[in-house]
Amino acid sequence: MAEPLLAVAGLRKRFGGLAVTDDVTFSVAEGGIHAVIGPNGAGKTTLIHQLSGTLRPDAGSIRFGGRELVGMGLARRARLGLARSFQITSVLAGFSALENAALAVQARSGPSFRFFRAAAAERALNDQAMTALEQVGLGARAGVLAGRLSHGEKRQLELAIALAMQPRLLLLDEPLAGAGPEETERLIGILLGLKGTYTILLVEHDMQAVFALADRISVLVYGRVIATDGPEAIRADPAVRAAYLGEDEAA
Amino acid sequence: MRAALILLAALAAAPFLGFGEGYSLTLLARVMILAMAAVSLWLLVGGGGMVSLGHAALLGIGAYAVVVLDDARITDAAVVVPVAMGAAGLFALVTGAVAIRTSGVQFIMITLAFGQMAFFTASSLAAYGGDDGYTLYGRTTVLGQRWLEDRLAFHYLCLGLLALTLFGGHVLLGSRFGRVLRAARENPLRAEAVGFRPYPYQLVAYSIAGAVAGLTGVLLANAAEFVAPSYLAWQRSGDLLFMVILGGLGSLQGAVLGAVAFVLLEEWLGHITEHWRLIFGPLLVLSVLFMKGGLVGMLRRG
């Protein structure tokens, strides 16, 4: 079997006496959507931080495309093709939607220590940025300042920026967070559209969305992965049901 | 950029509109030199989000480069300018390498500390007058010619360099480099998430601003034909920072507007009363409280 795109092994992180990530092991194969779910406080956010490089694990390894990521920062991982989106929208409010995406294109298009030529006039950057915006249905809003977009549009832009990086793996941190029912439906539609083209690791709270989108699901409870399987098997898993219904774990 | 262009045009016409005599030209030179310094500081504050309280030290290093070379009887611009820009740029590079690892209040304090370090060093340079300062033998020469002795020529040199600095800053901010710098100011996490570590970009910007400040220091030394440690004092850095904020962080031209408004207001109040600082201080406070976005913001709202 070929090496998985992302392989997390024995990952541990403690805050004081609390093991927030406790021997987490799972892997993500190329293609499709792999979801990580778990009740509040399960350690999803801490896990995302360690995967993207904003938090250093105490132990364990994260291999991505055959390279060890532990010890690398966020920017380095991004250049290797690991694009993350943020649970709390993090766009450049003073930049237009197009320039937000163009910055991401620029990061993988040659050196940025160029001091004279106007970046906004670089066709190659703008064209690719525009493609990313169109992929998420924001093409018509390219010229609008990101700060003036609606919440749902900002969520879309967040996605477009990640797409503009042409990543090997999209790490989406609750892309539906704070979106209303209509926006949620639109975002799910967009994610379904990306499914064939990108490998996605989706950390999400919205169960309906996860079961509609994911090919595989890992369930995180109290920092541990208690199950990784297809959606049907996860739905039927008694340990998962116990965790979500708030009962004491039988195991 | 319109307001700044109008100002530049006014400065170009000023000598022919009744501001051509000695005192007016001295004042206008001061306006233009400080505007240039403010533009270089704006690149840090408005462009890179680096609020420095040590910018005067960079100007001072440029001015002291003139002094040291003057003392060695080297006065030609071909040597003086590169040395001044190089020395100030290098100082910015070295101190910036440390300071840029911090941010916010820490960055302000560490640039203040480096600035004061330079100030006390200048004060202790007994060979160059120490606290009392140093009077130049003459102005910097250009290709061996003493053109800068001519007040009108000096006026247009300052104007030309101010215009060049403004234009250069404008180009820089619009370039790939400038885009990364602006992105890192607005949201460093976002810049990193797409693959840019802000540090090297901020450090290069800091060094460029330092070199420009060094060039400004050469003009400063020539304008007064005198250099003193007070040029490097933190109060001067505070004044520059104030000009930048008064003008507004929304656009680079704010630096020019802020500097012009600051110097002219100071001058005008000084004529009205000897207790002008009692009026100047509260005016500055009010301007920060009520002029959101500074002068640039006010112009935009019309």
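## A nonpolar patch on chain B

Ile279(B) sits in helix H12 of chain B, which covers residues 276-290. Keep in mind that this is a predicted model. With a relative accessibility of 37%, Ile279(B) counts as partly exposed, because the buried class stops under 20% and the exposed class starts over 50%.

Ile279(B) also belongs to a nonpolar surface patch of about 710 Å². Its partners there are Leu278(B), Leu283(B), Val285(B), Leu286(B), Leu289(B) and Phe290(B).

## Salt bridges in chain A

Opposite charges on side chains can pair up when the charged atoms come close. Counting over all chains, the structure has 17 salt bridges.

One of them joins Asp58(A) to Lys13(A), at 3.6 Å from N to O. That pair ties together distant parts of the chain, 45 residues apart: Asp58(A) is in the loop between helix H1 and strand S4, and Lys13(A) is in strand S1. Asp58(A) is partly exposed at 47%, whereas Lys13(A) is buried at 11%.

## A longer reach, and a network

Asp22(A) and Arg224(A) form a salt bridge at 3.1 Å, N to O. Here strand S2, home of Asp22(A), gets linked to strand S10, home of Arg224(A), and the two residues are 202 apart in the chain. Asp22(A) is buried at 17%, while Arg224(A) is partly exposed at 43%. Both belong to a salt-bridge network that also takes in Arg12(A) and Asp23(A).

## Into helix H5

Arg141(A), from the loop between helices H4 and H5, meets Glu153(A) in a salt bridge of 2.9 Å, N to O. Glu153(A) lies in helix H5 itself, 12 residues away along the chain. Arg141(A) is partly exposed at 29%; Glu153(A) is buried at 14%.

Methods: Residues numbered from 1 in each chain as written. Chains lettered and ligands numbered in written order. Predicted model: local features only at pLDDT ≥ 70, side-chain atom pairs only at ≥ 80, totals over all residues. Heavy atoms only, no water. Patch = residues over 30% accessible without salt bridge, like charges linked within 9 Å, V, L, I, M, F, W, Y side chains within 5 Å. Areas by Shrake-Rupley, 256 points an atom, 1.4 Å probe, with all protein chains shown as cover. Salt bridge = Lys/Arg side-chain N within 4 Å of Asp/Glu carboxyl O. Helix = DSSP H or I, 4+ residues; strand = E, 2+ residues; numbered from the N terminus. Buried < 20%, exposed > 50% of the residue type's maximum accessible area, 1.4 Å probe, protein only.
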